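Work through the following exercises with the sequence and the 3D structure side by side, and try each task before reading its solution.

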Amino acid sequence: MKPSFEPLVLKSHPGVGDVHPLQPLYRAVEVRLMESADIEGKVVYAGPGAGPGLKSWEVVEAFVVRPAA
């Protein structure tokens with residue numbers, strides 16, 4: 001899986017263990033909040049991949065939070 005070109009739009013801040021909104025086999029393993037005008041943070045998702053110790057199964061996504069209307 002490749003990162004999205006645009007930040008993910010989420011209903012709430014992601015937490016460790018949360019499922020990727022577009023790839024249900026990927027789960028958040030790290031969440032970093034940022035102070036940026038464009039994005040609120042980055043989340044590292046991990047999923048099925050090539051094996052232990054290899055980073056090919058991780059993807060880093062930027063995210064913003066938009067509360068549900």
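**Exercise 1.** Determine which pattern of elements the chain follows along the sequence, and how many helices and strands there are.

*Solution.* In this predicted model, the chain reads β-β-β-β from start to end of the sequence. Counting the elements gives four strands and zero helices.

**Exercise 2.** Identify the residues of the largest nonpolar core, and find which element gives the most to this core.

*Solution.* The first step is to list the members, which are the nine residues L8, L10, Y26, A28, V43, Y45, V59, F63 and V65. The next step is to assign them to elements: β1 (8–10), β3 (41–46) and β4 (58–65) each give two or more residues to this core, and β4 gives the most, with three residues. As general background, nonpolar side chains in soluble globular proteins tend to be buried together. For the chain as a whole, 28% of the 69 residues count as buried.

**Exercise 3.** Leaving out residues up to four places away in sequence, list what V43 touches.

*Solution.* With that exclusion applied, V43 touches P14, A28, E30, V31, V59, V60, E61 and F63.

**Exercise 4.** Locate the salt bridge in the structure, and decide whether R32 is buried, partly exposed or exposed.

*Solution.* The structure holds one salt bridge, in which the side chains of R32 and E30 meet at 2.8 Å, N to O. Because buried means under 20% relative accessible area and exposed means over 50%, R32 at 38% is partly exposed, and E30 at 36% also counts as partly exposed.

Terms used. Residues numbered from 1 in each chain as written. Predicted model: local features only at pLDDT ≥ 70, side-chain atom pairs only at ≥ 80, totals over all residues. Heavy atoms only, no water. Salt bridge = Lys/Arg side-chain N within 4 Å of Asp/Glu carboxyl O. Buried < 20%, exposed > 50% of the residue type's maximum accessible area, 1.4 Å probe, protein only. Core = buried A, V, L, I, M, F, W, Y, C linked by side-chain atoms within 4.5 Å. Contact = heavy atoms within 4.5 Å.
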